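Q: I would like to go through this structure with you, one topic at a time. Could we start once it is on the screen?

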Amino acid sequence: GDQEVSFGIEESLKELAQLADTAGLMVVGSSFQKLVTPNGRTYIGSGKVTEIKNAIHSLDVETVIFDDELSAGQLRNLEKAFGGEIRVCDRTALILDIFNQRAATHEAALQVALAQMEYQLPRLTKMWTHLERQAGGQVKGMGEKQIEVDKRILRTQIGVLKKELESVRKHRRQYRNRRVSVPIPVVSLVGYTNAGKSTLLNRLTGANVLAEDRLFATLDPTTRRVQMNNGKEFLLTDTVGFIQKLPTTLVAAFRATLEEISESSLLVHVVDISHPLAQQQIDAVNKVLSELDVAAIPQLMVWNKVDKASDSQKIKIEANNREDVVCVSALTGDGLQDFCDAVQARLKDSMVWVEALVP
Ligand code: GDP
């Protein structure tokens, strides 16, 4: 499926930088190295380790993120090489951080916690081998025993989590038709990371509207209120973006973070139409959507970044000929009124229902 798409190193690093940005980190630089086989101890070669170490000091870096999964030993050796206060992590840990920040339902939180524990399990060596070294080898073997104990505890916790997840899922299946009646329609943005979802969200709404309103003060930072020019409102919510290089161990957690969209009145599929792989990205998103419980929810596709597309005229004409597509530039504001009109048209039925519901 999605992995068939050719995906170069630079593209992958660009996505990694986007993910770091999403996680709230500021990216100050990136670098890569081509090796026939990765270094067993430090993943990258020793020259590269020194180069990065120097960059860490000149750029005042706090975190170094690797694009591929690192072993427990590699993580430890790199942290030692860079100096104790530098945090070293890999793509998987970064994505787990983001999922953790964005898990909006109980089920999603459980699924992410499970993935985090499964990630930790083979990496549990760190603390104890360290203690063993401190003790000067006198307690040799103690650390190893302790790791076994810790692993057993973690495995037990994983088992408990899996049972809990199973029961939460069963419960959801039983009650899936009893939708929560929200007093205002929810529109969810889905799409690839970097498609422009949060730019669109910010473009359409003022962040300050949120703080003053007590009813919505509990909204998470990825949800905003949008007021249309007929005075009606909807909630616009951003979801965790799709990722080209999603480690297979994280697929379940990713899906769980998307599950909340089954409560929305409308799905807006945001596409970076200037991206050379736009069609493949659309297909990959649709594939996942078709596997979620969202078939009954109306969809609208937004072709974003028309300002950047080389054949923007052709794209606009094509979008005009299609019922289900609007062309916008979240950056320049081009097409935003068309977007609001299209959302309004699709929400019409649910707005009537909403008005009937609220006294
Ligand atoms: P998200 O990951 O889907 O939330 O994407 P972002 O909203 O963070 O946007 C990713 C990048 O694309 C940012 O650098 C934006 O400034 C840029 N971007 C978003 N919308 C547009 C657009 O309409 N035109 C152009 N040229 N860039 C855009």
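Q: Which residues does Arg87 touch, not counting residues up to four places away in sequence?
A: Arg87 touches Glu62, Thr63, Val64, Glu79 and Asp97, where contact means heavy atoms within 4.5 Å. This is a predicted model, in which local features need pLDDT of at least 70 and side-chain atom pairs count only at pLDDT 80 or more, while totals for chains, interfaces and linings use all residues. Residues are numbered from 1 along each chain as its sequence is written, and side-chain values use heavy atoms, with hydrogens and water left out.

Q: What element is Arg87 in?
A: Arg87 belongs to strand S2, residues 87–90. Helices (H or I, at least four residues) and strands (E, at least two) are DSSP runs, numbered from the N terminus.

Q: And how far is Arg87 from Ile65 in space?
A: Their C-alpha atoms are 8.4 Å apart, with the two positions 22 residues apart in sequence numbering.

Q: Why is Arg87 classed as partly exposed?
A: Because its relative accessible area is 36%. Buried means under 20% relative accessible area, exposed over 50%, and partly exposed in between (1.4 Å probe, protein chains only).

Q: Switching to the interior: which residues have the most contacts inside the largest nonpolar core?
A: They are Phe66, Phe82 and Phe99, in a core of 48 residues. Helix H4 (residues 91–102) gives the most to this core, namely six residues. A nonpolar core is a set of buried Ala, Val, Leu, Ile, Met, Phe, Trp, Tyr and Cys residues joined through side-chain atoms within 4.5 Å.

Q: What else is there apart from that core?
A: Another core, of 24 residues, lies apart from it and includes Ala195, Val226, Val343 and Leu347. In soluble globular proteins, nonpolar side chains tend to be buried together.

Q: Back to Phe66, what does it touch?
A: Leaving out residues up to four places away in sequence, Phe66 touches Leu16, Tyr43, Ile44, Leu78, Phe82, Val88, Cys89, Asp90 and Arg91.

Q: Now pockets. What is the volume of the largest one?
A: The largest pocket has a volume of about 1,100 Å³. Of the 39 residues that line it, the closest to its centre are Gly29, Ser30, Ser31, Val64 and Ile65. On a 1 Å grid over the protein atoms alone, a pocket is an open set of points where a 1.4 Å probe fits, with protein on both sides within 12 Å along at least five of seven lines; lining residues have an atom within 4 Å of a point.

Q: Which elements give two or more residues to the lining?
A: Helix H1 (9–22), helix H2 (46–59) and strand S1 (63–66) do. The lining divides into 23 nonpolar, eight polar and eight charged residues.

Q: Where is Gly29, and is it buried or exposed?
A: Gly29 is in the loop between H1 and H2, and it is exposed, at 51% relative accessible area. The C-alpha atoms of Gly29 and Val64 are separated by 9.9 Å, and these residues are 35 apart along the chain.

Q: Which loop holds Asp60?
A: Asp60 sits in the loop between H2 and S1. Although not a glycine, Asp60 has a positive phi of about 60 degrees, and at 67% relative accessibility it counts as exposed.

Q: Last one: how many helices and strands does the protein have?
A: There are 13 helices and eight strands. Of the 359 residues, 44% count as buried.

Notes:
Points joined across faces, edges and corners; volume = space filled by probe spheres on them. Nonpolar A, V, L, I, M, F, W, Y, C, P; charged D, E, K, R; others polar.
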